[in-house]
Amino acid sequence: MQKINAAITAVGGYVPEYRLTNAILETMVDTNDEWIKSRTGVEERRILKGEGLGSSDLGAPAVLELCKKRGISPEEIDCLICATVTPDMVFPATANIICDKVGAVNAFSFDIGAACSGFLFALTTGASFIESGRYKKVVVVGVDKMSSIIDYSDRATCIIFGDGAGAVLLEVDTEGFGVLDSILKSDGSGRQYLHLKAGGSVKPASVESVLAKEHYVYQEGQAVFKFAVKGMADVSWELMERNNLTADDIAWLVPHQANLRIIDATANRMGLPKEKVMINIQKYGNTTAATLPLCLWEWEKRLNKGDNIILAAFGGGFTWGATWLRWAYNS
Ligand code: UT7
């Protein structure tokens, strides 16, 4: 029997219209365009405006676009996995809500929380469902409405993050395309450097927690930076080594868009020139679980069947990892 791989067969994406530029941020906090660009690479981020809108409102259009491109009905989706740290609500899962909004009435669905590595963890999970032979169409969504957990008076974090969503469809492949290998890692002792202090079971929401601004992202940037540079570069290199891949074999690196300097360090370690690295951090900032599928969405037309692609991420937890896949179609 031929080995079943999980191939990406369609990509969807969605970013909200409103652009929060560096110039606007200069009027909100003590910062400047030059500092933000040189330290992070971000020029603007998209923000979802409007009462009552959440991550599912970003994820649903991405899933609908993917279905349209592939010519399938949402009813054909067997399973939908949503990676997010900004769920619509603590429960039910945002994946459940996305399914309801798109009409994926036959799918079972659940969320995965692995912060900026969420999409990679969800992709590997979704791929396993396909590889098992039990499911034919699995949708993996990476979405975050980071603006819902960002303190716009904290210049250390508000300059980095943005809102967005990306989604991929996984289907059966028996010709050697699709997800070929993954290395995923986590280390919960890193939680001290990047977390949300309140709103969970340790510290439920209270008047005090709101007044102390404990429902916003807490990040010790320098510490996270050091771990991220090492973690993302090491794991990408490890994945190349164990699959005997050289820089020449790799068509694209799809790195988590947290900081241009982390991306450069990873590409350098892999020996990849800039032309092979997907970078859109200048337009969207760090959209957490959405960065990787948003890159695939944006570069889709430039991808060729057979391209070897490495996706790499690092995020809160800590969580990190890299995935090797062989692209399965020409657009
Ligand atoms: O995706 C999840 C994982 N997260 C990451 O990977 C983020 C990793 N960390 C980073 O990307 C960087 O650490 C940041 C972009 C968050 C910060 O850059 P940095 O080069 O590490 O800056 P820093 O925190 O060391 O701050 C340097 C200086 C400080 O001033 P002093 O103490 O040197 O006078 C800060 O107060 O820059 C100051 N600063 C700013 N200045 C202007 C901090 N934020 C700003 C700002 N505008 N927005």
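Q: How do you know that the shell around the ligand draws on both domain 1 (5-176) and domain 2 (180-326)?
A: In this predicted model, each of these two domains gives at least three residues to the shell.

Q: What makes Thr31 a residue near the ligand?
A: A residue is near a molecule if one of its heavy atoms lies within 4 Å of it. Thr31 belongs to the 21 residues around the ligand, and it is among those that come nearest, with Arg39, Gln222, Asn259 and Asn286.

Q: Why is the pair between Asn259 and the ligand called a polar contact?
A: The cut-off for a pair of N or O atoms is 3.5 Å. A polar side-chain atom of Asn259 is 2.7 Å from an oxygen atom of the ligand, therefore the pair counts as a polar contact.

Q: What makes the pairs of Arg155 and Trp35 with the ligand polar contacts?
A: For Arg155, a side-chain N or O atom lies 2.8 Å from a ligand oxygen. For Trp35, the distance is 3.3 Å. Both values are within 3.5 Å, so both pairs qualify.

Q: How much of the accessible area of the ligand does the protein cover?
A: On its own the ligand has 950 Å², and the protein covers 74% of that.

Q: Why is the ligand said to sit in the second largest pocket?
A: To sit in a pocket, a molecule needs more than half of its atoms within 2 Å of the grid points of that pocket. The ligand is assigned to the second largest pocket, so this condition is met there.

Q: Which helix gives the most residues to the shell?
A: Helix 8 does, with four residues. Helix 2 (33-40) and helix 9 (260-270) also give two or more.

Notes
Residues numbered from 1 in each chain as written. Predicted model: local features only at pLDDT ≥ 70, side-chain atom pairs only at ≥ 80, totals over all residues. Heavy atoms only, no water. Polar contact = N/O pair within 3.5 Å; in protein donor to acceptor, adjacent residues only side chain to side chain. Areas by Shrake-Rupley, 256 points an atom, 1.4 Å probe, with all protein chains shown as cover. 1 Å grid on protein atoms, 1.4 Å probe; cavity = no way out; pocket = protein on both sides within 12 Å on 5 of 7 lines; lining within 4 Å. Domains from an automatic or database assignment.
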